[in-house]
Amino acid sequence: MRAVHFGAGNIGRGFVGLILHRAGYDVTFVDVNPELIGMLQQADAYQVREVGPEARIHTVTGFTGIDSSADPDAAARAVAEADVVTCAVGPTVLRFIAPVIRAGLALRDGDPVTVMACENAIGASDTLRELVLDGAPELADRAVFANTAVDRIIPPQDPHGLDVVVEDFFEWSIDRGPFGGTAPTIPDAHFVDDLAPFIERKLFTVNTGHATTAYAGYAAGIETIAEALQSPEIRAAVEASLADTSRLLVAKFGFDPDEHAAYVARAIARFENPALPDTCERIGRQPLRKLSRHERFVQPAAELAERGESADALVAAYASALRFDAESDEQAAELQRLLAELDPAAFVAEVSGIDGGPLQAQLVGVVQAAKG
């Protein structure tokens with residue numbers, strides 16, 4: 001069996017690629033980083049080392065790499081011959097890999113290929129499907145696009161090596177519906193009939209909590225996520241944000257309150273794992289995406305407001321994110337430019353997609369305060 005994975009970075013090698021390898025697939029990693037692809041082409045194996053109470057070491061073999069910027073035709077041929085195509089490139093990069101997948105589908109004969117976007121975003125595979133089929137609807141029957149929810153914390157790694165250190169927890173949930181009873185065999189994945197609870201539980205707990213910690217820690221001048229959570233004020237802010245999202249998730253999906261509370265507690269414990277050091281600056285990067293309408297702060301806050309409930313802690317986390325001005329991040333610079341140039345209502349509408357409704361006044365207020 002053959003799999004193609006777009007994005008040969010830490011998530012690609014340490015999570016998706018590992019699981020596909022364990023399922024019996026030979027994995028072709030596609031990336032635009034020539035140094036990384038060169039290492040993959042020359043190596044016979046790399047290791048994924050888990051840290052935590054259930055730590056293990058995995059050796060991944062049977063892989064190769066393609067630099068799609070240098071040889072897009074080879075990447076397209078790999079898609080044409082694959083049984084499964086996955087990606088972990090970031091939601092904003094999907095539009096760049098879509099033409100390669102489209103070209104691969106155009107070359108394809110035989111059964112449809114499974115395509116799954118493993119991104120921190122709701123409906124990422126649906127988004128990828130729209131991009132791939134844009135202008136080529138005749139290719140629709142050559143692929144099955146299935147949404148997924150993925151969860152594994154992987155801190156920064158040595159950029160000059162292939163081995164990856166990861167936490168011992170992971171979760172990959174896949175929507176069973178699109179397959180019509182013929183889902184691919186991936187033993188470490190969890191196929192579900194309704195993906196929405198798993199996507200939103202992860203996004204509005206792990207991602208909301210991680211980002212709340214990062215922005216509060218960055219604003220306080222604290223370097224790492226674990227150190228930030230040692231601050232009583234920051235821990236309280238994180239717990240309050242997750243209390244907001246917990247009220248929504250329990251009401252919306254019927255999660256058992258005690259089980260969900262345990263899920264939240266484990267998420268916070270994962271953030272402060274000393275064996276997985278990560279920085280507030282890295283977790284806070286791409287703030288414009290994280291402040292957008294269907295992301296970790298605004299979406300749950302908007303749904304709570306529509307239910308007539310408060311979302312004060314999520315709004316406070318949103319306010320902390322407005323202070324993120326890391327020089328290493330292009331979106332941080334753009335955020336600060338928009339904050340300076342737009343009036344508060346225009347900023348909230350353009351960045352966060354809120355133009356009216358019960359949440360608008362609160363967001364406009366924190367933007368006004370951030371503008372001074």
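**Cavities, a buried arginine and two sheets**

Modeller: In this predicted model, the largest cavity holds about 60 Å³ of space.

Biologist: What makes that space count as a cavity?

Modeller: A 1.4 Å probe must fit inside but be unable to get out. The count here starts at 30 Å³, and 3 cavities reach it. At about 60 Å³, the largest one is on that list.

Biologist: Which residues line the largest cavity?

Modeller: E119, N120, A121, I122, T148, A149, V150, I199, K202 and L203. A lining residue needs an atom within 4 Å of a cavity point, so these residues pass that test. Strand β9 and helix α6 each give at least two residues to this lining.

Biologist: Where does β9 sit in its sheet?

Modeller: At an edge. The sheet is open, has 3 strands in the order β9-β11-β12, and its pairing is mixed. β9 (148-151) and β12 (190-192) have a single partner strand each, so one side of each lacks a neighbour in the sheet. Neighbouring strands are turned by 20 degrees on average, direction ignored.

Biologist: How do you know that β11 and β12 pair?

Modeller: Pairing takes at least two bridges. Strand β11 (residues 171-175) has 3 bridges to β12, so the pair qualifies. The two run parallel. One bridge joins D175 to V192 in β12.

Biologist: What packs on this sheet?

Modeller: Helix α6 (residues 196-219) does, touching β9, β11 and β12, with its direction at about 35 degrees to that of β9. Helix α1 (residues 10-22) lies across β9 and β11, at about 70 degrees to β11.

Biologist: Why is R152 called buried?

Modeller: The cut-off is under 20% relative accessible area. R152 has 7%, so the label holds. R152 is in the loop between β9 and β10 (164-167).

Biologist: What makes the link between R152 and E50 a polar contact?

Modeller: The limit is 3.5 Å between N or O atoms. The side chains of R152 and E50 come to 3.0 Å, so they are inside the limit. The R152 side chain also reaches the backbone oxygen of F169 at 3.3 Å. Beyond four places in sequence, the residues in contact with R152 include I11, G14, F15, L18 and R270.

Biologist: How do you know that strand β7 is largely enclosed?

Modeller: Count its residues. In β7 (residues 113-117), 5 of the 5 are buried, so the rest of the structure largely encloses the strand. V113, V115 and A117 point one way, T114 and M116 the other, and all are buried. Side chains alternate between the two faces in a regular strand.

Biologist: What joins β6 to β7?

Modeller: 4 bridges, with β6 (residues 84-87) and β7 running parallel. T86 stands opposite M116 in β7.

Biologist: Why are β4 and β10 called edge strands?

Modeller: β4 (57-61) and β10 each pair on one side only. Their open sheet of 3 strands has the order β4-β3-β10 and mixed pairing. Its twist averages 25 degrees from one strand to the next.

Biologist: How many bridges link β3 to β4?

Modeller: 5, between antiparallel strands, with β3 covering residues 45-51. Pairing needs at least two, so β3 and β4 count as a pair. Q47 stands opposite T59 in β4.

Methods: Residues numbered from 1 in each chain as written. Predicted model: local features only at pLDDT ≥ 70, side-chain atom pairs only at ≥ 80, totals over all residues. Heavy atoms only, no water. Axes fitted to C-alpha atoms, helices over the stretch in contact; angles between N-to-C directions. Contact = heavy atoms within 4.5 Å. Buried < 20%, exposed > 50% of the residue type's maximum accessible area, 1.4 Å probe, protein only. Polar contact = N/O pair within 3.5 Å; in protein donor to acceptor, adjacent residues only side chain to side chain. 1 Å grid on protein atoms, 1.4 Å probe; cavity = no way out; pocket = protein on both sides within 12 Å on 5 of 7 lines; lining within 4 Å. Points joined across faces, edges and corners; volume = space filled by probe spheres on them.
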